[in-house]
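Q: Pick one residue in this model that looks odd on the backbone and take a close look at it for me. Then work outward from there, through charges and rings, and keep it informal.

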Amino acid sequence: MAPAIASAGSIFASEYVANFSRSLELISCTGALPFFTAKCLCQNGKRRLSLTTNVYTEGISESRAAQATKWKEKLEPEPDALSILNERIRRDIGNRDSSRTVMDSQEAEKYIQLVKEQQQRGLKKLKGDGEGNPEGFSYKVDPYTLRPGDYVVHKKVGVGRFVGIKYDVSKDSTEPIEYVFIDYADGMAKLPVKQASRLLYRYNLPNETKKPRTLSKLSDTSAWERRRIKGKIAIQKMVVDLMELYLHRLKQKRTPYPKSTGMADFVAQFPYEPTPDQKQAFIDVEKDLTERGTPMDRLICGDVGFGKTEVALRAIFCVVSTGKQAMVLAPTIVLAKQHFDVISERFFRCPYIKVGLLSRFQRFGVKQKEKIASFKTSVDVLTLSATPIPRTLYLALTGFRDASLISTPPPERVPIKTHLSAYCEEKVLSAIKFELDRGGQVFYVLPRIKGLEEVLQFLEQSFQNVEIAIAHGKQYSKQLEETMEKFAQGEIKILICTNIVESGLDIQNANTIIIQDVQQFGLAQLYQLRGRVGRADKEAYAHLFYPDKSLLSDQALERLAALEDCRDLGQGFQLAERDMGIRGFGNIFGEQQTGDVGNVGIDLFFEMLFESLSKVEEHRLVSVPYQSVQLDVKISPHLPSEYINYLENPMEIISKAERAAEKDIWSLMQFTENLRRQYGKEPPSMEILLKKLYVRRMAADLGITRIYALGKMVGMETNMSRKVFKLMTESMTSDVHRNSLGLKENQITAELLLELPIEQLLNWIFQCLAELHASLPTLVKY
């Protein structure tokens, strides 16, 4: 899976380089434990209920067990308001890191400012905006780059189909000017090119389907306005989620690494003159490690062969020289072995540093990376990529990850000549013969293991005196290692392989690559594969073959067009952006956001996101302490004696419920579910007690300090701003609750149709707060 460098407290990886700031400790456990469970303990001869780990029924007397059965049969659990709310809570935050904690308002102010500065730095570095101003970059489309039939989004009108640009005369002038013509559901619109360049966006979706569900209407923009608002609401939620992720990371502390006195000697071993971008990346990473008291989370985005590995090596040295450990994670066994060799050679003069290799056959994916990162809360992360995956790129673009861009090629590098055509045996043989005649070696790549043997037979017939071999991930480790070693040494001239060679492999003498069935590879894969050649000062060639262009999907054609466009050196980042536009930016928080993006298209979605990030403090919702919430609803239910006799220490149980509510909504939900598992569905009076706890807990999360009722009016005193209130009410699903609520100064008020009995009033407040609470992006507010 990965080469392990057993030396210090860091993890690095090619494609994903994670740096652990403490020694890695793996704790074995038999399974996940629930947040609360129950068991019976004996103390001084008496029984008491302790909500701790698993639910244990041992120790319950036979008569009590019979009583439990009787009670549970009497009150068989059915879907009710509490269970529905608990399910929503579990769905929304069940996979969140329970170690995240609420920070106070002053802390939040400081970190919010850091986030905004981070966003500006991200744009400045990745988008080339000299002022570092988010407004300096726009996702708006240049009308002249559009083709007839392209879908576009007008910010005020909605989704239409681009027809073309033609000269026309306006009503107020005799001079013809250029107009953009756009087809909508109920007619054609035209607008001057200058105006179009300020209001038009390309409509892309994060999947293969490019066609919108429907075109907007010129005569009725209300439907488009609803779609735009829905997208805006989704964005506001994403912003707060991003804030939580980033602020949680900023709260993690670790001692800065001391600057190593041996770094100068280690740097002197690098045989090349670093490019200016490389030097800046060295500086960025060194500052992250030696000057910051929070974990590093930096993306090094640089083209293949532009020197990303050297940045990681210097970071490793900085860490291991202090007696910590480092781990390098590589996506394939071939690259793992190559990194092992490079690092072993580089650290040869440091006998106190032991380098080890651990690998197995599987590709290394996002789940494995995140598993490694989860071993420690204080983890330094350094990610190296020529074409970052959309999720990584997205986080870098929004500024929530530090990023260093290496776009300057080494002086000796020359662009790779790329030829894209239908498969032809003569072209294949000609390309291989050309490379062999000049003393070089050839990669021959196929998307599947099936087919490798057939190609081997074909090439052996044509090149009978040439050493040819096969390499793929299903081979035995030793066999694969020997094959790659012979290819690296030049003994094997043609290597027929799968995309196991796509990541980072550096064979200086291999300067021709042939990729068959190119349509079956992803855009980033093709870019990485092409980067296996041209690693020296020799002119390199990439021959990409498809079976029949008429059989290719639109997405495959778009990938090939993007690869043809990005022929120059240093265009990996631009190609990654194209990839993000073609296949979307992934599931950032584990939930598919395609529907949210589909409302407005990727480009407008991103621009709205940047707008929201620049105004993040306006959308803050500051929670209040649970104990400060005052519920002025006079209802004090009495528990039935049968239920009281059934409970183990009922006063202690109620006290635990109060403590769970004081902690957070997740703890209260866990308490309620465990109570029901242990004792069955509670009677109505106990449900009222629980609902009062939920109301206070949700009110605290919503920044509501007092809830009261006067006749048919319900009032809630809150610190919520008008913008936050509007955002939350717009996302409520219940028209009844949404239409009844209003905000004036610091009061949320609701006018009921009639004065409700006290229990019904509590239920109404519970449902209303549950609706508002559901619109919270997360349950930790700043």
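A: Let's begin with E745, which is exposed, with a relative accessible area of 70%. Keep in mind that you're looking at a predicted model. The backbone is what makes E745 worth picking: its phi is near 55°, a positive value in a residue other than glycine. Why flag that? Most residues other than glycine have a negative phi, so a positive one catches the eye. As for where to find E745, go to the loop between β24 (741-744) and β25 (747-751).

There's another residue to put beside E745. D517 has a positive phi of about 55° too, although D517 is not a glycine. D517 also belongs to a loop, the one between β19 (510-515) and α15 (523-530). Its surroundings cover it to some extent: D517 is partly exposed, with a relative accessible area of 22%. Since buried means under 20% relative accessible area, the 22% of D517 keeps it in the partly exposed class.

From acidic residues on loops, on to charge in general. A negative surface patch is formed by E467, E481, E485 and E491. Take E481 as the way in: it is placed in helix α14 (residues 477-489), and E481 is partly exposed, with a relative accessible area of 42%. A residue needs over 30% relative accessible area and no salt bridge to enter a patch, so the 42% of E481 is enough on the accessibility side.

Elsewhere, acids do find partners. The structure holds 29 salt bridges. One of them is between D80 and K681, with the closest N and O atoms 3.7 Å apart. D80 lies in the loop between α1 (62-74) and α2 (81-93), while K681 lies in the loop between α22 (665-679) and α23 (684-701), so this pair ties together parts that are 601 residues apart in sequence. D80 is buried, and K681 is buried as well.

Now the E673 and R90 pair, another salt bridge, whose closest N and O atoms are 2.4 Å apart. Here the partners are in helices: E673 is in helix α22 and R90 in helix α2, so the pair ties together parts that are 583 residues apart in sequence. The partners differ in cover: E673 is buried, with a relative accessible area of 19%, whereas R90 is partly exposed at 32%. E673 falls in the buried class because its 19% is under the 20% limit.

For a local counterpart, look at E652 and K656, whose side chains meet in a salt bridge (3.7 Å, N to O). These residues are four apart in helix α21 (residues 650-663), so about one helical turn separates E652 from K656. E652 is partly exposed, with a relative accessible area of 27%, and K656 counts as buried at 17% relative accessibility. Back at D80, the bridging goes beyond a single pair: salt bridges that share partners join D80, R676, K681, E682, E687 and K691 into one network.

That leaves the rings. A search of the whole structure finds nine aromatic pairs. In one of them, the rings of F266 and F347 have their centres 5.2 Å apart and their planes at 40°, so the pair is tilted. F266 lies in helix α6 (residues 263-268) and F347 in the loop between α9 (333-346) and α10 (366-373), so the pair ties together parts that are 81 residues apart in sequence. F266 is buried, with a relative accessible area of 1%, and F347 is buried at 3%. Another aromatic pair, F270 and Y272, is edge-to-face, at 5.7 Å centre to centre and 70° between the planes. In that pair F270 counts as buried at 16% relative accessibility, but Y272 is exposed, with a relative accessible area of 52%. Going back to the tilted pair, F266 and F347 join F317 in one aromatic cluster.

One more tyrosine before you go. Y643 is found in helix α20 (residues 641-646) and counts as buried, at 0% relative accessibility. Its C-alpha atom is separated by 9.1 Å from that of Y679, and Y643 and Y679 are 36 residues apart along the chain. Set that against the starting point, E745, which is exposed at 70%.

Notes:
Residues numbered from 1 in each chain as written. Predicted model: local features only at pLDDT ≥ 70, side-chain atom pairs only at ≥ 80, totals over all residues. Heavy atoms only, no water. Patch = residues over 30% accessible without salt bridge, like charges linked within 9 Å, V, L, I, M, F, W, Y side chains within 5 Å. Areas by Shrake-Rupley, 256 points an atom, 1.4 Å probe, with all protein chains shown as cover. Salt bridge = Lys/Arg side-chain N within 4 Å of Asp/Glu carboxyl O. Lys, Arg positive; Asp, Glu negative; His and termini not counted. Charge placed at Lys NZ, Arg CZ, Asp CG, Glu CD. Helix = DSSP H or I, 4+ residues; strand = E, 2+ residues; numbered from the N terminus. Buried < 20%, exposed > 50% of the residue type's maximum accessible area, 1.4 Å probe, protein only. Phe/Tyr/Trp six-rings, centres within 6.5 Å; stacked < 30°, edge-to-face > 60°.
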